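Student: Please pick one part of this model and take me through it closely. I'd like to see how it sits with the rest.

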Amino acid sequence: NTEVVQAYITQLKEIDEKSQLNSSNILEIAMKLPEAMHTEQITEVSDEEWEAVRSATLTACEHIRMFRQQEGQALERDIRNNISAIQQGLQSIVSFEASRVLRIRERISTYIKECVTSEKFDESRFEQEILYYIEKLDINEEKVRLQQHCTFFLETMSQKAAGKKLGFIAQEIGREINTIGSKSNDSAMQKIVVHMKDNLERIKEQILNVL
């Protein structure tokens, strides 16, 4: 409000001269005094102005929708690629199972022969113990459940508002991967399990973006 501010400045200069303070911030003081600032409110908007605002808003909303769609498609591709990597890892583990059993058998047999004389060595008993030990390391059930969880995960991705559900399935996938890792007792299989865990962590991070 130019007139009010100018009046304030005039009065402040007079006060300043009388007090001999030589203040250098008279304008700053004047701007803070009552009614120094004046705001005009426009109560009506022309049809042209409203149409410009409306058009810009609709354009922005469409851009947001397109961006979210593109981002969603990118997330879907990434999640599917990681699920596929877990399934491929599962297939790779299968190829190590037969050789793993042979290595375990040979290792136990070597240990026993080193510690027990041949006269006291019971082959029949040894076979029973081997079978019992191998059964404890069997991962067939875990492999079946992991494959089922991966398939269920991909099916659920096509559903609407399935973010939390995908999170629950991811937890089950992780549980089976961890069990396979603890039962593998084989360095090559454990390396594959580590990669599967890495893929699963990426999936969990992307699920948080979906939520």
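Tutor: Let's get one term straight before anything else: helices here are DSSP runs of H or I with at least four residues, strands are runs of E with at least two, and both are numbered from the N terminus. Keep in mind that the model is predicted, so local features need a pLDDT of at least 70 and side-chain atom pairs count only at pLDDT 80 or more, while totals for chains, interfaces and linings use all residues. Residues are numbered from 1 along each chain as its sequence is written, and side-chain values use heavy atoms, with hydrogens and water left out.

With that in hand, the overall plan is easy to read: seven helices and zero strands, giving the pattern α-α-α-α-α-α-α along the sequence. Of the 211 residues, 27% count as buried (buried is under 20% relative accessible area, exposed is over 50%, and partly exposed is in between, using a 1.4 Å probe and protein chains only). Take the contacts between residues at least 6 apart in sequence, and 70% of them join residues at least 24 apart; a contact means heavy atoms within 4.5 Å.

Now for the close look, at α5 and α6. Helix α5 covers residues 140-157 and helix α6 covers residues 163-184; they pack at an angle of about 160°, and their axes are 9 Å apart. (Axes are lines fitted to C-alpha atoms, for helices over the stretch in contact, and angles run from 0 to 180 degrees between N-to-C directions.) That angle makes α5 roughly antiparallel to α6, because angles over 145 degrees get that label, with under 35 roughly parallel, 65 to 115 roughly perpendicular and the rest oblique. The crossing of α5 past α6 is left-handed, meaning the near helix is turned anticlockwise from the far one by less than a right angle; clockwise would be right-handed.

Who does the touching? On the α5 side, the residues include L146, F152 and F153, and on the α6 side they include I169, I173 and I180. Sorted by class, the contact has 11 nonpolar, three polar and seven charged residues. Here Ala, Val, Leu, Ile, Met, Phe, Trp, Tyr, Cys and Pro count as nonpolar, Asp, Glu, Lys and Arg as charged, and the others, Gly among them, as polar.

One residue worth zooming in on is K143, which is part of α5. K143 is buried, at 13% relative accessible area. Leaving out residues up to four places away in sequence, K143 touches L90, V94, E97 and I180.

Another buried spot is N82, in helix α3, with a relative accessible area of 4%. Beyond its neighbours within four places in sequence, N82 is in contact with N199, R202 and I203. N199 and I203 are among the buried residues of α7. Helix α7 runs over residues 187-210, and its 24 residues should span 34 Å at 1.5 Å a residue; the end C-alpha atoms are 35 Å apart, which agrees. (The expected span is 1.5 Å times one less than the number of residues.)

For contrast, look at E35, in the loop between α2 and α3. E35 is exposed at 62% relative accessible area, and has a positive phi of about 65° although it is not a glycine.
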